[in-house]
Amino acid sequence: MAKKLIREFWDCDHVVVPSGSCGGMIRAHYPELLADFPELGKEVEALARKTYELTDFLVNVVRLDRVPGKFGGTVTYHDSCSGLREMGVKSQPRALLSKVPGLAIREMQQPEQCCGFGGTFAVKYGDISTRITDLKCEDVQSSGADALVLGDLGCMLNIEGRLRRRGDTRTRVLHVAEVLAGMDKDEG
């Protein structure tokens, strides 16, 4: 799959992904993953250099100064492990969210704390993963925000699933792109 993705995208000007973990895989792990294929070296490096997480691209390449969305309420933002550590995404989503009319950001106590998903980690170490996710859910709920906004699809599924299993049907869970584009159907 990595070779196919490289063949199809290496010569694009930019590759923009909606999830920090997807971008992190391409940017941080493809060079190592494909080290045994030196004939792909140039393409792997080219693709890694021009792969961006969505909010990073919108802030640092497009330099977006306004967004079409609007939101009536408060949000808290979860920093995904891959987005934060592999893609350098921290201020970008907050900068964009601050441009959304009607939206107020309420930070969690530990927005950078892992959500417990980690791909197969959640399967292999279910009890540990659940405890980590419970801590994240408590932090989200303690923020008092109307919605949790994220930029990583794995985190999104994991945290929303746990919130619902814990009985929280009030906190909306939204991808940052939904908010920026004004796609939130439940806005107040």
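**Figure 1. Cys137 is found in helix H8 of the predicted model**. The view is centred on Cys137, a buried residue whose relative accessible area is 0%. Residues up to four places away in sequence being left out, Cys137 touches Ile159, Arg162, Leu163 and Arg166. Gln110 lies 27 residues from Cys137 along the chain, and the C-alpha atoms of the two residues are separated by 11 Å.

**Figure 2. Gln141 lies in helix H8, which spans residues 126–143**. Gln141 is partly exposed, its relative accessible area being 29%. When neighbours within four places in sequence are set aside, the contacts of Gln141 are with Leu163, Arg166 and Asp168. Leu163 and Arg166 also appear among the residues that Cys137 touches. Between the C-alpha atoms of Gln141 and Thr171 the separation is 7.7 Å, although their positions lie 30 residues apart along the chain, counted as a sequence separation.

**Figure 3. Arg131 has its place in helix H8**. With a relative accessibility of 46%, Arg131 counts as partly exposed, whereas Cys137 of helix H8 is buried. The C-alpha atoms of Arg131 and Ser82 are 20 Å apart in space, and the two residues are 49 apart in sequence.

**Figure 4. Thr76 lies in strand S3**. Thr76 is buried, with a relative accessible area of 0%; because that value is under 20%, Thr76 falls in the buried class. Not counting residues up to four places away in sequence, Thr76 touches Arg106, Glu107 and Met108, together with Val140, Ser143, Ala145, Ala147, Leu148 and Val149. Of these partners, Val140 and Ser143 fall within the residue range 126–143 of helix H8.

**Figure 5. Gly72 lies in the loop between helix H4 (54–60) and strand S3 (73–78)**. The relative accessible area of Gly72 is 34%, and the residue is partly exposed. Gly72 and Ala104 are 32 residues apart in sequence, while their C-alpha atoms are 8.5 Å apart in space.

**Figure 6. Arg63 has its place in the loop between H4 and S3**. The phi angle of Arg63 is near 60°, a positive value in a residue other than glycine. Arg63 is exposed, with a relative accessible area of 60%, whereas Gly72, in the loop between H4 and S3, is partly exposed.

**Figure 7. Helices H1 and H2 meet in a left-handed crossing**. Two packed helices are described by the angle between their axes and by the distance between those axes. The axes of H1 (residues 2–9) and H2 (residues 20–33) come within 11 Å and cross at roughly 115°. On the H1 side the contact involves Ala2, Leu5 and Ile6, which meet Ile26, Tyr30 and Leu33 in H2. By class, the contact of H1 with H2 has six nonpolar residues, with no polar and no charged ones. An α-helix has 3.6 residues a turn, so residues three or four places apart point the same way.

**Figure 8. Helix H3, residues 41–49, contains several buried residues**. The buried residues of H3 are Glu43, Val44, Ala46, Leu47 and Ala48. The elements that cover them include helices H1 and H2, strand S1 (15–17) and strand S2 (51–53). H1 and H2, which contribute to this cover, are also the pair whose axes cross at roughly 115°.

**Figure 9. The whole protein has 10 helices and six strands**. The radius of gyration is 17 Å, close to the 16 Å that the globule rule gives for 188 residues, so the protein is as compact as a globular protein of that length. Taken along the principal axes, the C-alpha atoms fill a box of roughly 50 × 45 × 25 Å. Among the 188 residues, 46% count as buried. Of the contacts with a separation of 6 or more, 76% are between residues 24 or more positions apart. The accessible surface comes to about 9,700 Å², and 54% of this area belongs to carbon and sulfur atoms.

Conventions: Residues are numbered from 1 along each chain as its sequence is written. This is a predicted model: local features need pLDDT of at least 70, side-chain atom pairs count only at pLDDT 80 or more; totals for chains, interfaces and linings use all residues. Side-chain values use heavy atoms; hydrogens and water are left out. Axes are lines fitted to C-alpha atoms, for helices over the stretch in contact, and angles run from 0 to 180 degrees between N-to-C directions. Helices (H or I, at least four residues) and strands (E, at least two) are DSSP runs, numbered from the N terminus. A crossing is left-handed if the near helix is turned anticlockwise from the far one by less than a right angle, and right-handed if clockwise. Contact means heavy atoms within 4.5 Å. Ala, Val, Leu, Ile, Met, Phe, Trp, Tyr, Cys and Pro count as nonpolar, Asp, Glu, Lys and Arg as charged, and the others, Gly among them, as polar. Buried means under 20% relative accessible area, exposed over 50%, partly exposed in between (1.4 Å probe, protein chains only). The radius of gyration is taken over C-alpha atoms; the globule rule is 2.2 Å times the number of residues to the power 0.38. Accessible areas come from the Shrake-Rupley method with a 1.4 Å probe; for residues, only the protein chains shown count as cover.
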